[in-house]
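Subject: Structure for you to look at

Hello,

Here is the structure I promised, with my notes below it. Please open it alongside the text as you read.

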Protein chains: 4
Amino acid sequence: MALMEISVVPIGTSTPSIGDYIAGVVRILEGEGLKYKLTDMGTIIEGEADELFSIARKLHETPFKDEIKRVITQIEIDDRRDKKVGIEDKVKSVMSRLR
Amino acid sequence: MALMEISVVPIGTSTPSIGDYIAGVVRILEGEGLKYKLTDMGTIIEGEADELFSIARKLHETPFKDEIKRVITQIEIDDRRDKKVGIEDKVKSVMSRLR
Amino acid sequence: MALMEISVVPIGTSTPSIGDYIAGVVRILEGEGLKYKLTDMGTIIEGEADELFSIARKLHETPFKDEIKRVITQIEIDDRRDKKVGIEDKVKSVMSRLR
Amino acid sequence: MALMEISVVPIGTSTPSIGDYIAGVVRILEGEGLKYKLTDMGTIIEGEADELFSIARKLHETPFKDEIKRVITQIEIDDRRDKKVGIEDKVKSVMSRLR
């Protein structure tokens, strides 16, 4: 089980606001049935590595449908094979150390 | 007002777990008085660009105190000058589009 | 045609040096027949989006074979559909503007 | 001695091309006297951590001068304290392992 953070940024939008494109990405993601969490800087998704790369490919494609000709997609995958780590597990683990 | 996501990763830890180092970073951050939010993939901090670069420099240094000789720090700064965007504002903005 | 930068970092290596793992990643990449360029901070690969996501999946898996239980992989894909951009094209384009 | 890769992306450019902004960033960097290398996905700079964070702050500001109201800047710093690592050293180290 791994966690992926993905951020899909359309270039050439004429305005600084890209929220409509992010909403489009989240709509596609909602149809996939994977557990995810939207943050201010990206979307965190939980799944097996194969699932995560597969959904990343799909999400990267989303903004091109809206007359956008360039997309920069960033992905970070944190993949542990020694224990199961899901969404919120790492946050809880750090918080428990702080108490 | 800008948002920064930062992730500080010590290399050469002998175990896959780096939660103690992350907790160390958050402890330093708590002393700084900036609004922040811990996620599973990094820490999001709200502030002016100058404040964000300054705190990033400080957080990057934290793991070196624990016998670690190499640190890889990733930072992303999303800086808008046309409107004030704080923590949770972008999430709310996307959520409102999805409804 | 798109460009991808990928960096595959094994966590829990006991020493700060991870060059052996990077070499392992490059060996796998060499068998794939895609044009690539090694930099000090990652590997840049040229290809269609489908090819890039597919090879990224493969490269991410490489360090797990060497007793490593956690891998953090970062990927950035810059995908333009209005013109063909290959390795060195963006560098040349910026250099020509500077002259 | 550390290495930093930085990429400064203006949002809201109306065209997919951002090469003029990248050239502006490189022009500022050239005045700083630090060793750097332009790649297709960012700029790699060699220096002490303090120098790198300081120049990153300056480079991040560059596109705002050109009527741009939003900039997303990505930075990765790889900082080793056990040995001196400069530009091209990591590439050479991996290449020597491959031979």
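**A helix pair between chains C and D**

H1(C) passes H3(D) in a right-handed crossing. (Right-handed means that the near helix is turned clockwise from the far one by less than a right angle; anticlockwise would be left-handed.) The model is predicted; local features need pLDDT of at least 70, side-chain atom pairs count only at pLDDT 80 or more, and totals for chains, interfaces and linings use all residues. Residues are numbered from 1 along each chain as its sequence is written, while chains are lettered from A and ligands numbered from 1 in the order in which they are written.

Helix H1 of chain C covers residues 19–30, and helix H3 of chain D covers residues 89–98. Both names come from DSSP runs, numbered from the N terminus: helices are H or I with at least four residues, strands are E with at least two. The two axes come within 9 Å and cross at roughly 65°. That makes H1(C) roughly perpendicular to H3(D). (Axes are lines fitted to C-alpha atoms, for helices over the stretch in contact, and angles run from 0 to 180 degrees between N-to-C directions. Under 35 degrees counts as roughly parallel, over 145 as roughly antiparallel, 65 to 115 as roughly perpendicular, and the rest as oblique.)

From H1(C), the residues that meet H3(D) are C:Gly19, C:Asp20, C:Ile22, C:Ala23, C:Val26 and C:Arg27. Their partners in H3(D) are D:Ser93, D:Val94, D:Arg97 and D:Leu98. (Contact means C-beta atoms, placed from the backbone, within 7 Å.) This contact has 5 nonpolar, 2 polar and 3 charged residues. (Ala, Val, Leu, Ile, Met, Phe, Trp, Tyr, Cys and Pro count as nonpolar; Asp, Glu, Lys and Arg as charged; the others, Gly among them, as polar.)

**The sheet shared by chains B and D**

An open sheet of 8 strands runs S2(B)-S3(B)-S1(B)-S4(B)-S4(D)-S1(D)-S3(D)-S2(D). Its pairing is antiparallel. (Strands pair if DSSP finds at least two bridges between them.) S2 of chain B and S2 of chain D stand at the edges, each with a single partner strand, so one side of each has no neighbour in the sheet. On average, neighbouring strands are turned by 20° against each other, direction ignored.

What joins S4(B) to S4(D)? The link is 11 bridges, and the strands run antiparallel. B:Asp79 stands opposite D:Val71 there. Within chain D, 10 bridges join S1(D) to S4(D), with D:Ile6 opposite D:Ile75. Helix H2 of chain D (residues 49–61) packs on the sheet, touching S4 of chain B together with S1, S3 and S4 of chain D. The direction of H2(D) makes about 10° with that of S1(D).

At the chain B end, S2(B) and S3(B) form a hairpin with 2 residues between them. They are joined by 4 antiparallel bridges, and B:Leu38 stands opposite B:Thr43.

**Chain B against chain D**

The contact takes 20 residues from each of chains B and D. On the chain B side, S4(B) gives the largest share, 11 residues. By class, that side has 8 nonpolar, 3 polar and 9 charged residues.

A rotation of 180° with 0.0 Å of shift along its axis superposes chain B on chain D, at an RMSD of 0.0 Å. B:Ile75 has the C-alpha of chain B nearest the axis, 2.5 Å from it. (Superposition is by least squares on the C-alpha atoms of residues with pLDDT of at least 70 in both copies.) The copies meet through the same surface, because 100% of the interface residues of chain B are also interface residues in chain D.

**Chain B against chain A**

Here 26 residues of chain B are in contact with 26 residues of chain A. Elements of chain B that each supply at least two residues include S1, H1 and H3. The chain B side has 12 nonpolar, 3 polar and 11 charged residues.

A turn of 180° and a shift of 0.0 Å along the axis lay chain B on chain A, with an RMSD of 0.0 Å. That is the relation of a two-fold axis. B:Thr39 comes closest to this axis among the residues of chain B, at 4.0 Å (C-alpha).

Best wishes

Technical notes:
Contact = placed C-beta atoms within 7 Å.
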